[in-house]
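User: I am new to this structure and would like to learn how its descriptions are justified. Could we go through the reasoning behind them one at a time?

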Amino acid sequence: MTTMLEPLRRIAAYAVCTDSVDRVLLVRASERSGTPGTWSLPGGAVDHGEDPHHTVVRETAAETGLSVAVAGLHDVLADMRALPERGITIHTDRLVYRASVRGGSLTDRVDRPTDLVRWFTRDEAAQLPLRSFTARALGLPASSADIVPDEAPEFPSFYAVPGPDGLHRAQRFAAYAVVTDPEGRVLLTRVSDGYPGAGCWHLPGGGTDYGEQPGAALIRELVEETGQTGRLVGLLGVASHRDAASLGPEGYPIDWHGVRAFYRVVVDQPAPPTVGDVGGSTCEARWFAREELGALPSDRLTEVTAEAVQAAQLT
């Protein structure tokens, strides 16, 4: 039964790499993988502290023999799959990038989790046994043999484990929103005392739950933190940040690696903000006019907020 499997979670990055005739680069899972014989985009797990942009370049080179240049973010999605033979269920947050080849030559691998690499037209790819995330990224019908759990297992939203140096480390995926209303105001939340960035203004959002899609998590967090109902407009980008000795409510240093997806969200019928999760990491929520936002000192904004506001061209 999938409910008896140990839950694990990871973040991974992949490349939608096309050539001059719009063929797409795919790799085949070997007998050493959990899904032998299936085809997927090249890529793999993001190492602790690694920028996903670097992950997709590194993993694509290792799996295909090709050096790629990342052109931009294509999609962000999540999925669960059960591997009963390994006794685990895995939730993977997948960052999918657009990429092009800079050089190298196709190289098949031996005794590795992937063993073949090939170029395929979209029509040819549609006939392959594709991993579900790959089919979605390519806009093709899913035909995956993945075992999907009936329900998400219990798993803490924050999970720190001892690292190789003895210091606890945590890698967390989160979704945040640049939220605006019809008047062009921007919604921000203020970080509670005892949390990293205490007192600073922050974007609505937070860590996603096990089995949860990032967009759905973001809309849920928006209601919990601010009392607003919003709609997703688009994906702005992804950022990676590492704090080698973050100190939060746990009371001890944690080597923290956060990977965050930024979205644009519109609240069509804004209301006075209310914080529903009293006692959590958010102590206040407020609408800011553009000129008020621009007048905030840089040290009053969290790093992720400053990046996202700049990406959305709001100041």
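User: Which residue stands opposite R260 in β14?

Analyst: This is a predicted model, and in it the residue standing opposite R260 of β14 is A174. The wider pairing is between strand β9 (residues 168-180) and β14, which run parallel and are joined by 13 bridges.

User: What makes strand β13 and β14 a pair, and in which sense do they run, parallel or antiparallel?

Analyst: Two strands pair if at least two bridges are found between them, and strand β13 (residues 231-246) has 12 bridges to β14, so the two count as paired, in the antiparallel sense. One of the positions involved is D243, whose bridge partner in β14 is W256.

User: Why is strand β14 described as largely enclosed?

Analyst: A residue is called buried when its relative accessible area is under 20%. In strand β14 (residues 254-266), 12 of the 13 residues are buried, and therefore the strand is largely enclosed by the rest of the structure.

User: Why is Y97 called buried or exposed, whichever applies?

Analyst: The relative accessibility of Y97 is 6%, which is under the 20% limit, so Y97 counts as buried. Y97 is found in strand β6 (residues 88-104), and, leaving aside neighbours within four places in sequence, its contacts include A13, Y14, P52, H53, L73 and V238. The C-alpha atom of Y97 is separated by 14 Å from that of S240, a residue 143 places away along the chain.

User: How do you know whether C200 is in a disulfide?

Analyst: A disulfide needs two cysteine sulfur atoms within 2.5 Å. The structure holds zero disulfides, and for C200 the nearest cysteine sulfur, that of C283, is 11 Å away, so C200 is in no disulfide. The sulfur nearest to that of C283 is in turn that of C200, and C283 is in no disulfide either.

User: Why do C200 and C283 get their labels for accessibility?

Analyst: C200 has a relative accessibility of 14%, under the 20% limit, and therefore counts as buried. C283 has a relative accessible area of 38%, which lies between 20% and 50%, so C283 is called partly exposed.

User: What makes up the lining of the largest pocket?

Analyst: The largest pocket holds about 1,000 Å³ of space. Of the 41 residues that line the largest pocket, R172, Y176, Y195, W256 and S281 are the closest to its centre. Among the elements giving two or more residues to this lining are β9, β13, β14 and α6 (303-311), and β14 gives the most, with five residues. By class, the lining has 14 nonpolar, 15 polar and 12 charged residues.

User: Which residues lie nearest the centre of the second largest pocket?

Analyst: They are R10, G43, E63, P113 and T114, out of 30 lining residues, and the space in this pocket is about 510 Å³. Its lining has 11 nonpolar, eight polar and 11 charged residues.

User: Why are β3 and β7 called edge strands?

Analyst: Three strands form an open antiparallel sheet in the order β3-β2-β7. Within this sheet β3 and β7 (114-120) each pair on one side only, and they are the edge strands. The pairing of β2 with β7 has six bridges in the antiparallel sense, and one of the positions in it is R28, whose bridge partner in β7 is L116.

Methods:
Residues numbered from 1 in each chain as written. Predicted model: local features only at pLDDT ≥ 70, side-chain atom pairs only at ≥ 80, totals over all residues. Heavy atoms only, no water. Buried < 20%, exposed > 50% of the residue type's maximum accessible area, 1.4 Å probe, protein only. Helix = DSSP H or I, 4+ residues; strand = E, 2+ residues; numbered from the N terminus. Contact = heavy atoms within 4.5 Å. 1 Å grid on protein atoms, 1.4 Å probe; cavity = no way out; pocket = protein on both sides within 12 Å on 5 of 7 lines; lining within 4 Å. Points joined across faces, edges and corners; volume = space filled by probe spheres on them. Nonpolar A, V, L, I, M, F, W, Y, C, P; charged D, E, K, R; others polar.
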